[in-house]
Amino acid sequence: MAFFLRRPFAVPSALRQVPKTANTARFFHNSPFKPSQSKPLGPATSSIFAKSRQTFQNAFRRTYMQPTYGAAQGGNLTQRLLYGAAIVGGTILATNMIFNRETREDGGMAPYERSYLNETFMHTGLGIAIIGIAARAMHMNGWSYRLMAMNPWLVAGLGLVGSIGTMYGTYYTSPDNYLAKYGLWTAFNVTQAALLSPLMFMHPALLARAGLYTVGMMGSIAFVGATAKQDKYLYLGAPLLAGVTIVALSGLAPLVLPATATRTLMWSEKIWLYGGLAVFGGFTLYDVQKVLHHSRMAQRGLIRRDVVNESISLELDFINIFIRMVQILAMQRNNRK
């Protein structure tokens, strides 16, 4: 149930805000898009894709927020890199000082734990790479447009069925069944890519910045979890489950509330964005400690060694944090216009 609540709802909630356009670019209020088999791609099709991209970007612009007008101040690449490195380094130092004032007293991480954690991180990175490459390929083939043409409830329903089905299929497949295990894991990643492919309508620089910030945030929190005392943060499981329930409900608010309920939508958006960052940052801390706990159990022969299952939790944390980073950066960019 926890993973059911942790599915990212940003794409269907954003799609809900898409207005109707011309008949040549009908969206989820009408019948799904059916590609023509007789006419080649031309200026009309390019215009439809341009409108789809603009419409998806406008979905991140909240009308109840007052835009501020001012010239965008930019610096050179070196200054931005140094600024980003200072933020990441300061975050790691601050979180370590706040959360890990009492460090481990057992001589540090054992070799088996380190190996288990490193393999989990390797599979997490590989899964995220599969999601990114597959999402880009689907976007180039027109899947993003077809997904936006669907009903948002249909997208959410099919997405949940596909995600949960492949996820639990991966969980309950033995690590000894190598082909089936990695096949289901790949299917899980491709399912996430299909749901996230409309994000490719956003500017590549914005996506790159969101990815960098997500890696920095998760990296610093993972460092805290890896260097903390054993099982220090495992108690966070129940509070985080309650928090993610609230965040998930706030993410569904744009699908059920009228557009006139601006104040309620504003607060639900804040809970979805900033509350979600806090909750899934906590989940990252919890999941890293859970990986180390499972490694000790696997070393004693109590459970099977299965780094593929461990990586799925961290992938979901990354996806949820990344989506919120994209939304925050997109809103900031729109407010500067």
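## The start of helix 12

At the start of helix 12 in this predicted model, a side-chain oxygen of Asp306 reaches to within 3.4 Å of the backbone nitrogen of Val308. Asp306 itself lies in the loop between helix 11 and helix 12, and with a relative accessible area of 9% Asp306 is buried. The side chain of Asp306 also forms a salt bridge with Lys181, in which the closest N and O atoms are 2.7 Å apart. Because Lys181 belongs to helix 8 while Asp306 sits in the loop between helix 11 and helix 12, this pair ties together parts of the chain that are 125 residues apart in sequence. Lys181, at a relative accessible area of 1%, is buried.

Helix 12 runs over residues 307-335, and 27 of its 29 residues are buried, which leaves the helix mostly covered. At 1.5 Å a residue, a helix of 29 residues should span 42 Å, and the end C-alpha atoms of helix 12 are indeed 42 Å apart, so the expected and computed spans agree.

## Salt bridges between distant parts of the chain

A search of the whole structure finds 5 salt bridges, one of which is the pair of Asp306 and Lys181 described above. Another joins Arg296 to Glu113, with the closest N and O atoms 3.5 Å apart. This pair links distant parts of the chain, since Arg296 is in helix 11 (residues 262-299) and Glu113 is in helix 5 (residues 111-140), 183 residues apart. Both Arg296 and Glu113 are buried.

The side chains of Asp176 and Arg304 likewise meet in a salt bridge, at 2.8 Å from N to O. Here the partners both lie in loops, Asp176 in the one between helix 7 (152-171) and helix 8 and Arg304 in the one between helix 11 and helix 12, 128 residues apart. With a relative accessibility of 58%, Asp176 counts as exposed, whereas Arg304, at 47%, is partly exposed.

## Contacts of helix 11 and its following loop

Gln299 is found in helix 11 and, with a relative accessible area of 49%, is partly exposed. The C-alpha atoms of Gln299 and Tyr116 are separated by 9.8 Å, although these residues stand 183 residues apart along the chain. A charge placed over a ring is found at Arg305, which lies over the face of Tyr112 at 5.0 Å from the ring centre.

## Aromatic pairs

The count of aromatic pairs comes to 8. In one of them, the rings of Tyr182 and Trp185 have their centres 5.9 Å apart and their planes at 90 degrees, so the arrangement is edge-to-face. Tyr182 and Trp185 are 3 residues apart in helix 8 (residues 178-196), which means that about one helical turn separates them. The two residues differ in their accessibility class, as Tyr182, at 24% relative accessibility, counts as partly exposed, while Trp185, with a relative accessible area of 2%, is buried.

A further pair lies in helix 12, where the rings of Phe318 and Phe322 have their centres 6.2 Å apart and their planes at 10 degrees, so this pair is stacked. Being 4 residues apart in that helix, Phe318 and Phe322 are again separated by about one helical turn. An α-helix has 3.6 residues a turn, so residues three or four places apart point the same way. Phe318 and Phe322 are both buried. Elsewhere, Tyr168, Tyr171 and Tyr172 form one aromatic cluster.

## Overall fold and annotated spans

The chain contains 12 helices and 0 strands, and read along the sequence it follows the pattern α-α-α-α-α-α-α-α-α-α-α-α. Of the 337 residues in the chain, 46% are buried.

An unreviewed UniProt entry lists residues 81-99, 120-138, 150-170, 207-226, 233-259 and 271-288 under "transmembrane region". In the model, the span of residues 150-170 is 90% helix and 0% strand, and its end C-alpha atoms lie 28 Å apart. The span of residues 271-288 is 100% helix and 0% strand, with its end C-alpha atoms 24 Å apart.

How values were computed. Residues numbered from 1 in each chain as written. Predicted model: local features only at pLDDT ≥ 70, side-chain atom pairs only at ≥ 80, totals over all residues. Heavy atoms only, no water. Phe/Tyr/Trp six-rings, centres within 6.5 Å; stacked < 30°, edge-to-face > 60°. Helix = DSSP H or I, 4+ residues; strand = E, 2+ residues; numbered from the N terminus. Buried < 20%, exposed > 50% of the residue type's maximum accessible area, 1.4 Å probe, protein only. Lys NZ or Arg CZ within 6 Å of the ring centre and 35° of its normal. UniProt positions renumbered as here; feature names shortened; annotations may be inferred. Salt bridge = Lys/Arg side-chain N within 4 Å of Asp/Glu carboxyl O. Expected span 1.5 Å × (residues − 1). Polar contact = N/O pair within 3.5 Å; in protein donor to acceptor, adjacent residues only side chain to side chain.
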